[in-house]
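Ready for some strand tracing? Keep your viewer open and try each exercise before you read its solution.

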Amino acid sequence: IYNEEYLLGPGDNLLINFIGTPIFSGLYPISPESIIFLPELNRFKVDSISVEDLEKKLNLKYKKFLYNPDIRVSIQSYRIVNTYIRGAVRKPGLYSFNNGFINADANSTSAFANSYSNNSFNLISNKAQNMKGQTFKVTRIYDVIKAAEGFNSNADLTEVTVIRNNSQQQGGGKIYAKINLLALLLEGEQSQNIRIYDGDNILIKEGISLNEQIVNLNRINISPENITVYISGNVLSAGKKDLKQGSSLLQALASAGGKK
């Protein structure tokens, strides 16, 4: 099962537009407790829910206070993506990545972080308009593996597992995706370079070490500092050798102790 639906959580900042009731419109940050503070509703839980589902819930809730409510939700700024990668990688562990507009005004969110009244929506909308033309950065599985300095030579790249949170509207819990990184790295199959979300867990299992796979992996730039070669024949120390990228044949022979 694979789901690319973005789920809201602590650290996201929401731009909520109450059509016809602009005094309620504004920027609503999601607190560390997954709470936003809304007019009339006060504390409202927002956790592992999509923007679309939140819109539906708000329009339903506000029927008690507004005639024919029309509420639109968008994400003004995204929280940091924290993801854990483990298994056959050089440096397993927790990694953090920034998402959102690159080179955007860092004060565009904080300046209005607590504004949700006094027609503040127009001011925030103007800030959002100023972000047009900026590059929007998302984190993908390739970024995480590169941050972990690549994988070990016996990594099974044909079936990488990504575990992520499931939407509360779809029952909660965890969902799993199987990714063929070999197809991405050797054939450029971009459908396998999936977007990584906050809370994702990536597992690269160890498999049978194949010389052909290792040779192919050494041709790509995900582990640019080192390459792995196998030396056999009339040398003092035959076998697997780790060399710097761009090493010469003479340097490879020297690592094996030279000829007998």
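The exercises below look at strand pairing and helix packing in this predicted model.

**Exercise 1.** Work out the strand order of the open sheet of 3 strands, and find its edge strands.

*Solution.* Start with the order, which is β2-β1-β5, with antiparallel pairing. Next, look for strands that pair on one side only: these are β2 (26-29) and β5 (70-77), the edge strands. Finally, compare directions: neighbouring strands of this sheet are turned by 30° against each other on average, direction ignored.

**Exercise 2.** Follow β1 along its pairing with β2: how many bridges are there, and which residue of β2 stands opposite L14?

*Solution.* Strand β1 covers residues 13-19, and its antiparallel pairing with β2 runs over 4 bridges. Now go to L14; across from this residue, in β2, is Y28.

**Exercise 3.** Find the strands that helix α1 lies across, and give its angle to β5.

*Solution.* Select residues 51-61, which form α1. This helix lies across β1 and β5. Its direction makes an angle of about 145° with β5.

**Exercise 4.** Decide whether β12 pairs in the parallel or antiparallel sense with β6, and then do likewise for β10.

*Solution.* Take β6 (residues 81-87) to begin with: it pairs with β12 (residues 201-204) in the parallel sense, over 4 bridges. One pair to check here is G87, which stands opposite I204 in β12. Then turn to β10 (residues 160-165), which runs antiparallel to β12 and is joined to it by 3 bridges. For this pairing, pick V162, whose bridge partner in β12 is I202. As a reminder, strands of a sheet pair through backbone hydrogen bonds, and either sense can occur.

Notes:
Residues numbered from 1 in each chain as written. Predicted model: local features only at pLDDT ≥ 70, side-chain atom pairs only at ≥ 80, totals over all residues. Heavy atoms only, no water. Pairing = 2+ DSSP bridges. Helix = DSSP H or I, 4+ residues; strand = E, 2+ residues; numbered from the N terminus. Axes fitted to C-alpha atoms, helices over the stretch in contact; angles between N-to-C directions. Contact = heavy atoms within 4.5 Å.
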